[in-house]
Amino acid sequence: GSFTIAAEGLHTLEYYALDRVQNAEALNSVKIAVDNTPPVTGISLGEPKSEVFGLPVLMPNTPIILAAYDPVMNGVSSGLNSIFYELENVQTGARAPVKAYTSPFTIPEQGTFMIRYWSRDNTGNLETAKEKMAAVSTWRADGLIAASGLDMSGTADISGSVKSNAVVSLGGNARILGDVTASTITLTGKAQITGLQVSGAA
């Protein structure tokens, strides 16, 4: 019956057959390489990026680069076949479909994401998925992000765009020298917003 060669490395298989009266075929041989080792994948985060309390923070246009190789073990490597990745939104638990990696990619949606990545070699050995958590935010390009709302008064100024999930309220002589995106925007007194005002957005 059939058999397998479990030991990783280079092998020479010699074989022959006998007929019923023991006439022996000339000895045949074949070289066989056995690869049991999966590839190794690494990740690098491009620019712009920063780090907050150990968590990488990316911009929506920050490239994410994956690279992999199939290591030579006992003189054998079948070679890299494919690299794969998957994105999971940590807040919602939503997972995007698994994709084959062909070039650097970005995460255009803001939030915190788990990036899973792994590779397969030409004999079908699959690497155990690795994980890298990263946040995506436009905060580097913003003047202020206020998750729970913003209440400005007096003569305070903010230079740059302002974003909030809740109400942005300006009173007195307060000014925002840029765009404002919020669920609700209110202005009283001599308060000013010099840029675009977008209401009803999270």
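**Exercise 1. Trace the salt bridges of Glu 88, starting from Arg 95.**

Arg 95 and Glu 88 form a salt bridge, with the closest N and O atoms 3.5 Å apart. The term covers a side-chain nitrogen of Lys or Arg within 4 Å of a carboxyl oxygen of Asp or Glu. This is a predicted model: local features need pLDDT of at least 70, side-chain atom pairs count only at pLDDT 80 or more, and totals for chains, interfaces and linings use all residues. Residues are numbered from 1 along each chain as its sequence is written, and side-chain values use heavy atoms, without hydrogens and water.

Next, take Arg 116. Its salt bridge with Glu 88 has closest N and O atoms 2.7 Å apart. Glu 88 sits in strand 7 (residues 80-89) and Arg 116 in strand 9 (residues 111-121), 28 residues apart. Strands are DSSP runs of E, at least two residues, numbered from the N terminus.

**Exercise 2. Is Glu 88 buried or exposed?**

Glu 88 has a relative accessible area of 16%. Buried means under 20%, exposed over 50%, partly exposed in between (1.4 Å probe, protein chains only). Glu 88 is therefore buried. Arg 116 is buried too.

**Exercise 3. Find what joins strand 13 to strand 16.**

Start with the backbone. Three bridges join these parallel strands. Strands pair if DSSP finds at least two bridges between them. Ser 159 has Leu 177 in strand 16 as its bridge partner.

Then turn to side chains. Asp 157 forms a salt bridge with Arg 175, closest N and O atoms 2.6 Å apart. Asp 157 lies in strand 13 and Arg 175 in strand 16, so the pair ties together parts 18 residues apart in sequence.

Key:
Helix = DSSP H or I, 4+ residues; strand = E, 2+ residues; numbered from the N terminus.
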